[in-house]
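Biologist: Could you take me through the empty space in this model, with a close look at one pocket? I'd like the lining spelled out.

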Amino acid sequence: MASRPAGALPRLSRRSKILIGIGVFILLVLVLGNRLLAKYVDWLWYGEVNFRSVFGTQLVTEIVLFFAAGVFMAGAVLLAMFLAYRTRPVFVPVTGSDDPLTRYRATIVRRRKLFIIGIPALIGLITGWTATAQWQTVQLLFNGGSFGQTDPQFHIDIGFYVFTLPFIQWIKSLLFVAITLSFFAALITHYLFGGIRLAGRGGQISVPARIHLGLLIGLFVLLKAGAYYLDRYEALFSGHSDKFNGASYTDVNALLPAKLILLCIAVFCAVAFFVGAFMRNMQLPAIAFVLMLLSALLVGTVWPLLMQQFSVSANAQQKEAPYIERNIQATRQAYGITGDKIDRIPYDPGKSAKPISQVSQDDPTMSNIRVLDPAILSPTFTQLGAGNKNFYGFPDNLGIDRYTVGGKKQDYIVAAREIDPNKLANTQRDWINKHLVYTHGNGFVAAPANQIKSGDEGGYPDIKVSDLDHPGDGGLRVNQPRIYYGLLNRSPDDYAIVGGGTGAPREYDADNKPKYTYQGSGGVQIGNWFNRLAFAAYYTERNFLFSNDIDDSSRVILKRDPRDRVQAVAPWLTTDGDPYPAVVNGQVEWIVDGYTTLSKYPYSQSTPLAQATNVSTTGGSVRPQEDRNIGYIRNSVKATVNAYTGKVSLYSVDEQDPVLKAWERVFPGTVKPKSAIPPALSEHFRYPEDLFKVQRDLMAKYHVSNPQEFYSQNSFWSVPKDPTYHEENTPAAQPGLRPSREAPGQPPYYVLAQAPGQRSPTFQLTSTFTPLNRQNMAGWLSASSDPRNYGKFTMLTLPSGAQTRGPFQTQNAFDTNPAFTTDRTLFGNKDVEPKFGNLLTLPVAGGIMYVEPVYIQRNGQDSYPNLAKVLVSYNNQVGVGNNLQDALNKLTPGSDSTPGSDQGNEGQQPPPSSSSQPPPSGGGGGGVSPQLSSAVRDIQGALEQVRDAQRSGDFGKLGEAYKQLDEATKRFESAQGNQSGANGGQSGGG
């Protein structure tokens with residue numbers, strides 16, 4: 001029996017329509033309400049910072065993409081369903097009264113508009129929503145230009161790969177999804193309405209269904225042919241080789257020809273499906289389908305695999321050489337590490353190092369050695385520089401910059417004294433105090449990085465605070481020390497309501513100052529009731545509506561973190577994780593480095609950004625980077641955020657960057673030219689840390705120019721792990737003695753020094769290299785922050801056979817030095833915890849000098865670290881002192897307890913006496929007494945126990961080992977004194 005499906009469409013009752021309308025409205029409010037509200041708040045905020053054109057351009061692009069992609073996808077699915085419905089059989093066979101398809105079919109027919117329009121509309125909404133994420137891809141397509149360089153394979157301008165190809169690939173993906181969804185929508189519709197029947201031996205398919213589905217399959221295969229063509233360009237980003245990125249020998253000689261062959265086969269198969277759609281015989285499409293699968297397997301997979309295994313693998317070093325050369329050149333270009341930017345200097349400390357007695361204290365590097373660690377001293381700044389106020393605080397990682405004070409240029413540890421919402425007492429956390437009273441910090445805090453206080457306050461930084469009471473303290477005059485924007489306002493809820501008020505001023509300013517009313521230009525106006533209602537809903541806070549302190553002139557200060565402000569006005573930038581404050585013409589300005597990045601660049605090595613920039617100081621106030629891969633990076637923009645007004649300024653510092661030029665065409669007028677940078681501001685530009693971390697990781701490999709040597713990797717370097725990193729469940733007092741695989745990389749350090757090849761002391765960012773999987777030193781790298789040669793690299797390359805100590809070996813020498821390990825203040829007091837500061841590596845007098853401050857901090861809630869010791873290593877000699885000069889004075893040949901550490905950490909020799917003299921040897925001195933020999937053996941045994949305890953992480957054993965070492969050292973000193981007296985008596989008697 002067969003029947004034509006009923007076409008009548010019952011009408012909904014008025015009540016049902018009202019209920020459905022209310023439900024749809026509530027759903028739209030829930031889905032879109034928060035988004036629309038956030039967009040309105042953003043619109044107000046962009047108006048505050050005068051970057052509303054950025055908001056408008058992004059919003060319009062997203063709206064166009066939403067409707068364009070959504071309408072296209074919905075239209076494709078709607079057309080497929082409509083054609084399948086219109087071409088349904090006149091009579092639909094029914095197998096029986098209980099046929100489930102009959103019920104489904106009847107339901108769909110009664111609500112055919114809901115299904116045929118509603119399903120495509122829902123798909124279109126989802127597609128449009130996801131398409132808005134491609135607004136940057138679309139803008140770069142229309143505004144990208146030429147790179148002025150071509151790829152080495154197809155000789156096409158790089159701009160095609162970074163501006164055009166990503167858009168084409170997105171359109172390709174969109175078409176694949178559209179055809180796939182249309183096919184399944186048509187397939188289901190044909191099945192439901194009888195165009196496809198599964199009854200019988202082989203089933204049946206109507207002619208309209210066969211034509212419809214055959215055409216869709218043909219379109220899919222034809223699109224696959226286009227994908228094969230685009231895959232040829234994608235091969236330049238290939239990661240098939242484990243040695244390098246980019247098209248390898250196999251890719252060029254097997255995969256690229258295979259793609260062309262597969263393209264031709266796919267076109268033939270598409271034609272076969274088009275022809276088969278109008279033929280009753282399906283053998284031709286079936287043959288084409290099998291041919292396509294076999295060709296994809298044999299031509300696209302097996303052939304390249306066979307070439308790789310039997311031709312390339314045995315001769316890879318020679319055959320891959322031209323392609324490795326391409327990768328080296330492209331990577332250097334993409335990451336800004338080309339040869340013209342690097343000054344390579346051979347350096348051999350083993351031959352050129354002067355004796356410490358010949359190293360002048362007036363040496364520019366020696367006179368500027370930093371003993372303050374910005375990653376450790378935040379609690380000290382809080383205690384000594386917060387002015388006895390519980391609500392002031394400093395970031396976890398303080399800044400470091402250079403200033404000229406009294407005619408002398410030196411580096412300073414700097415920080416803005418901010419309001420820390422987390423430090424407000426419970427009685428201060430009500431809405432009025434948090435958002436209307438404690439609205440801003442007060443002061444710029446600085447301490448000379450190479451100085452500590454002496455006398456009763458010894459070990460603490462010489463902190464100077466330029467605030468409302470002392471605007472010029474320390475020689476750094478700040479005309480406006482109020483800090484409304486900073487790094488401690490990380491939560492979206494950390495807003496401040498300023499200005500206005502029906503009563504007296506309410507903002508806390510200083511103890512001896514009256515209450516303050518904000519006079520700056522920052523903040524969003526909330527004087528009208530609509531804006532008050534919007535912010536009440538945005539923050540879910542009813543006090544916006546009922547507070548009498550809010551009137552027509554009130555403003556809301558939001559987005560108070562400088563990084564968030566820069567990221568918002570320049571969404572195309574990647575911001576550095578560690579902004580820093582600087583005093584520029586009497587104003588406190590936050591300086592934020594901005595990077596233009598690309599995910600892919602032909603033949604460039606792909607770098608995991610989060611992994612490359614993760615070091616031991618990442619976290620807290622140092623924001624980690626997003627976990628994504630990049631193939632290109634430039635520090636093209638320097639941004640400033642005024643700490644009082646919140647004004648954001650973007651400055652171009654790399655006007656040759658094609659990516660920056662493209663974004664300047666997208667957002668004209670938002671980035672100021674390099675000529676607009678105030679000289680006082682450029683004096684405080686630093687070479688950015690995150691960029692340097694990425695570049696040093698690559699330079700560890702890409703300092704090698706020879707492709708064969710690159711392939712063998714025997715000249716590769718490594719960035720050392722941080723030897724001062726303290727892992728949980730290990731003794732905090734002994735961070736070294738192991739290059740832990742879990743330890744993050746050693747951070748780069750800013751220093752004011754004069755490296756070889758430099759004519760004057762330069763503020764620069766430095767790092768070291770070790771040979772691959774070795775611990776001795778292989779190279780030293782610095783990037784200049786001097787405006788005259790900003791971004792110039794200095795690379796000191798040590799001889800391949802040199803055994804100069806690396807950071808871990810130096811830390812081991814420190815850890816096992818008796819003058820250090822037996823110090824009762826550091827290790828014998830359970831109430832204090834030692835903290836190892838940054839291990840600086842400095843080229844000095846032809847040698848390598850390591851300097852590390854050691855701090856102690858009492859175990860308590862409000863304790864803070866102070867400098868206890870300074871450790872110095874030079875020419876395999878170790879000096880331990882209460883300050884830098886003291887450590888340098890004790891830097892004598894006999895002071896190192898670990899000779900042989902150049903070859904690793906094997907062997908220890910007995911420590912010297914407190915006078916740094918070696919144990920007396922036989923001959924001319926009356927011989928060595930049994931007591932002295934026994935003491936030496938005891939020291940050696942105690943040192944071995946110390947090392948065993950450190951490896952096991954057993955605190956109890958470690959304390960006992962140190963006790964035995966202390967006792968053995970005392971016996972050694974006593975025996976040495978007795979022998980000296982005996983020898984003196986024998987000489988007198990003779």
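Which element gives the largest share of the lining of the second largest pocket, and how many residues is that?

Modeller: That would be α6, which puts 6 residues into the lining of the second largest pocket. Bear in mind that this is a predicted model. The pocket itself has a volume of about 1100 Å³. It is lined by 43 residues, and the ones closest to its centre are Q136, P571, W572, T597 and R628. Besides α6 (158–192), the elements that give two or more residues include the helices α1 (14–48), α2 (52–86) and α5 (135–143). Further along the chain, α17 (562–569), β17 (574–575), β19 (587–598) and α19 (658–666) also give two or more residues each. If you're thinking about chemistry, the lining splits into 19 nonpolar, 14 polar and 10 charged residues.

Now for the closed spaces, to set beside that pocket. There are 5 cavities of 30 Å³ or more in the structure. The largest holds about 80 Å³ of space. Its lining takes in Q746, P747, Y749 and V751, then T766, S767, T768 and W780, and finally L839, L840, T841 and L842. Three strands, β25 (749–753), β26 (762–771) and β30 (840–844), each supply at least two of these lining residues. The make-up is 7 nonpolar and 5 polar, with no charged residues at all.

The second largest cavity comes in at about 70 Å³. Here charge does turn up: the lining divides into 5 nonpolar, 3 polar and 3 charged residues. Among the residues around this cavity are I419, P421, L424, K434, H435, Y438 and T439. N489, D494, Y495 and R560 line it too.

One more piece, from a similar stretch of numbering, is a sheet. Four strands make up an open sheet in the order β7-β8-β11-β12, with antiparallel pairing. At its edges stand β7 (399–405) and β12 (464–466), each with a single partner strand, so one side of each has no neighbour in the sheet. On average, neighbouring strands here are turned by 40 degrees against each other, ignoring direction. Inside the order, β8 (residues 408–416) pairs with β11 (residues 444–448) over 5 bridges in the antiparallel sense. As one example of a bridge, A416 has F444 in β11 as its partner.

Key: Residues numbered from 1 in each chain as written. Predicted model: local features only at pLDDT ≥ 70, side-chain atom pairs only at ≥ 80, totals over all residues. Heavy atoms only, no water. 1 Å grid on protein atoms, 1.4 Å probe; cavity = no way out; pocket = protein on both sides within 12 Å on 5 of 7 lines; lining within 4 Å. Points joined across faces, edges and corners; volume = space filled by probe spheres on them. Nonpolar A, V, L, I, M, F, W, Y, C, P; charged D, E, K, R; others polar. Pairing = 2+ DSSP bridges. Axes fitted to C-alpha atoms, helices over the stretch in contact; angles between N-to-C directions.
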